[in-house]
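Visitor: I would like to go through this structure with you. Please tie each term to its definition.

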Amino acid sequence: MENIVVIGGGAAGMMTAATAAGAGRRVCLLEKNEKLGKKLFITGKGRCNLTNACETEELLSHVVTNRRFLYSSFYGFSNYDTIEFFERLGMKTKIERGNRVFPESDHAYDVIDALSRELRRKNVSVRLRTEAAEILTEPLPDAAADDASPEGGGRGKKKSAKTQTSRAVGVRLKNGGVLSADAVVVATGGLSYPSTGSTGDGYRFAGETGHEVTECVPSLVSLTMREAWCGELSGLSLKNVSVRFEDAGGKQLYEGFGEMLFTHRGVSGPIILTATAECSEALRGAVMYLDLKPALSAEQLEQRLLRECEAAKGKQLRGLLGALMPASLAGVLCRQAPADAGKAVSQLTREERAALAAYLKRIPLHVAGLGGFSEAVVTKGGVAVSQISPATMESRLVKGLYFVGEVLDLDALTGGFNLQIAWSTAVACGRDLLKSKTMEGK
């Protein structure tokens, strides 16, 4: 019999197992893939942005969904604790722009390797190519009495959403085998990058054990635009630009400043990913207005255009735009701009310069759709946190059943914040499991 079974060998699963093992606790980590950390291996474009070195309150401010739920776990195991943890395991880290923390080697494998060494040191039993099919539970001895108690006495006639009426006793494997356990941890991830094994198993386990699962949608994804010319600029990155998304009625949905990237189907990059995290499906059908010169007002940009015109009277409009932006973008925008691309700049009227400045401050792009789970960095939605203890990650419904990481209804912006959710919730769970009272039945 195992004391603890952890389902899922990703970031949260490995950290939970490493934290929970010790003091005579036997921990078994189940992973249906042929190796651990398959999704972790591709995060941060293979470099693994493992956390962010900002202050804790700023860290929390980057959480999009259910921020308050994370106060206990973030302060219990902070981003600085994460850095110290990996440094202690011999993996050097470095801090880059935006306080993003990476392995000094720039290899995500080093994060996985450090965790794997810790699992071996703690004698965690790792079972690869082993898939969990069902979480086994049984009623608590006093559950029937609680349900039958008269209204006004004890807990009342209606069962509380926070009342544990059953307990986890093990896991049934897909091959038919059964692992008995005192506690089961679901660390299966969400639905993003299903090729890595994130196929929503944890949501099924949650539903089968009576938990609510909120709607799950892709988050931190690129956008597909109706304008075909975006594809001509695929790979072009624009820094220090701003975007503003508006719905059909002109209401602002999101506004941001930073870096944007053109793709073969539309746009991506940090400010686009943040927009999808903040607004999700509300962006579908919206209009994105791109401001190429956010540091200048329309009037200031018009004066800049006038100076450029006076300095290059023999140039055509396409040459003028080429002095203000990358040549590839200038070539494309010449076809969209409210002026003849072949017209000599010396012949531009004041009205044409004003119209051109206004256009460069508000280039319209129409959102056709959002990227799917195959490219989503994280899943928005998941196991309802109202049914989970924020201090321990234990279910309020099923004793000895825990949920950690992306399977929970928690998500954040890019920059290492989502992995910090995995580390912090995993440590909160692991520490609770490590307490002797957990195995003695509380």
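Visitor: In what order do the six strands close into a barrel?

Guide: The order is β12-β15-β14-β13-β16-β17, with antiparallel pairing. Neighbouring strands of this sheet are turned by 45° against each other on average, direction ignored. This is a predicted model, where local features need pLDDT of at least 70, side-chain atom pairs count only at pLDDT 80 or more, and totals for chains, interfaces and linings use all residues. Residues are numbered from 1 along each chain as its sequence is written, and side-chain values use heavy atoms, leaving out hydrogens and water.

Visitor: What makes β12 and β15 a pair?

Guide: Two strands pair if DSSP finds at least two bridges between them. Strand β12 (residues 223-225) and strand β15 (residues 266-268) have two bridges, in the antiparallel sense, so they pair. Thr 224 has Gly 266 in β15 as its bridge partner.

Visitor: What is the pLDDT over residues 145-160?

Guide: The pLDDT, the predictor's confidence in each residue from 0 to 100, is below 50 there. The protein chain averages 91.

Visitor: Why is no disulfide counted for Cys 429?

Guide: A disulfide is a pair of cysteine sulfur atoms within 2.5 Å. The closest cysteine sulfur to that of Cys 429 is in Cys 28, 15 Å away, therefore too far for a bond. For Cys 216 the closest is in Cys 279, at 19 Å, also too far. The count by this rule is zero.

Visitor: Why is Cys 429 called buried?

Guide: Buried means under 20% relative accessible area, exposed over 50%, and partly exposed in between (1.4 Å probe, protein chains only). Cys 429 has 0% relative accessibility, so Cys 429 counts as buried.

Key
Helices (H or I, at least four residues) and strands (E, at least two) are DSSP runs, numbered from the N terminus. Axes are lines fitted to C-alpha atoms, for helices over the stretch in contact, and angles run from 0 to 180 degrees between N-to-C directions. Contact means heavy atoms within 4.5 Å.
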